[in-house]
Amino acid sequence: MSCRPPPPSPRSHEEEIPELEIDVDELLDMESDDTRAARVTELLVDCYKPTEAFISGLLDEIRGTQKLSTARRSEGPRPR
């Protein structure tokens with residue numbers, strides 16, 4: 001009978017990754033994609049993985065959100 005500890009599970013590595021919160025409202029309030037990209041890059045400074053694709057995708061999502069919110073504001077309130 002062996003008294004070895006069980007091998008580490010794949011999830012144990014995931015649990016070591018710190019959580020990061022990105023305030024999308026803050027990004028939406030910024031004037032340009034360059035400013036947004038700089039802010040996200042600043043937040044991800046400790047990330048050891050490539051971040052360019054993540055930042056690009058996030059900015060695409062924010063542009064889509066801006067278009068939706070602009071369209072809703074121009075439509076005015078919806079009838080009830």
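The pLDDT is the predictor's confidence in each residue, on a scale from 0 to 100. The structure discussed here is a predicted model, and its chain has an average pLDDT of 78, with 62% of the residues scoring at least 70. Confidence varies among the elements of the chain: the lowest mean pLDDT, 54, belongs to helix α1 (residues 10-15), and the highest, 94, to helix α3 (residues 33-43). Where pLDDT is low, the predicted coordinates should not be read in detail. The account therefore begins with helix α3, the element with the highest mean value.

Three residues of α3 are buried, namely Arg36, Ala37 and Val40. Viewed down the helix axis, these buried residues fall within an arc of 95°, and so they line one face of α3. The face turned away from this buried side carries Asp34 and Glu42, both of them exposed.

The charged side chains of α3 can be considered next. Side chains of opposite charge can pair when their charged atoms come close. In the whole structure, a search finds five salt bridges. One of the salt bridges joins Arg36 to Asp33, with an N to O distance of 3.0 Å. The two partners lie in α3, three residues apart, or about one turn of the helix. An α-helix has 3.6 residues a turn, so residues three or four places apart point the same way. Arg36 has a relative accessible area of 3% and is therefore buried, the cut-off being under 20%. Asp33, by contrast, is partly exposed, at 24% relative accessibility.

A second pair within α3 consists of Glu42 and Arg39, which form a salt bridge whose closest N and O atoms are 2.6 Å apart. Here too the separation is three residues, about one turn of the helix. Glu42 has a relative accessible area of 51% and counts as exposed because the threshold is over 50%. Its partner Arg39 is partly exposed, with a relative accessible area of 23%.

Helix α4 (residues 52-75) contains both Asp60 and Arg63, again three residues apart and about one turn of the helix. Their side chains meet in a salt bridge with an N to O distance of 2.1 Å. Asp60 is partly exposed at 42% relative accessibility, and Arg63 is likewise partly exposed, with a relative accessible area of 30%.

How are the pairs of the two helices related? Asp33, Arg36, Asp60 and Arg63 are linked in a network of salt bridges. This network brings together residues of α3, Asp33 and Arg36, and residues of α4, Asp60 and Arg63.

How values were computed:
Residues numbered from 1 in each chain as written. Predicted model: local features only at pLDDT ≥ 70, side-chain atom pairs only at ≥ 80, totals over all residues. Heavy atoms only, no water. Helix = DSSP H or I, 4+ residues; strand = E, 2+ residues; numbered from the N terminus. Buried < 20%, exposed > 50% of the residue type's maximum accessible area, 1.4 Å probe, protein only. Arc of directions from axis to C-beta. Salt bridge = Lys/Arg side-chain N within 4 Å of Asp/Glu carboxyl O.
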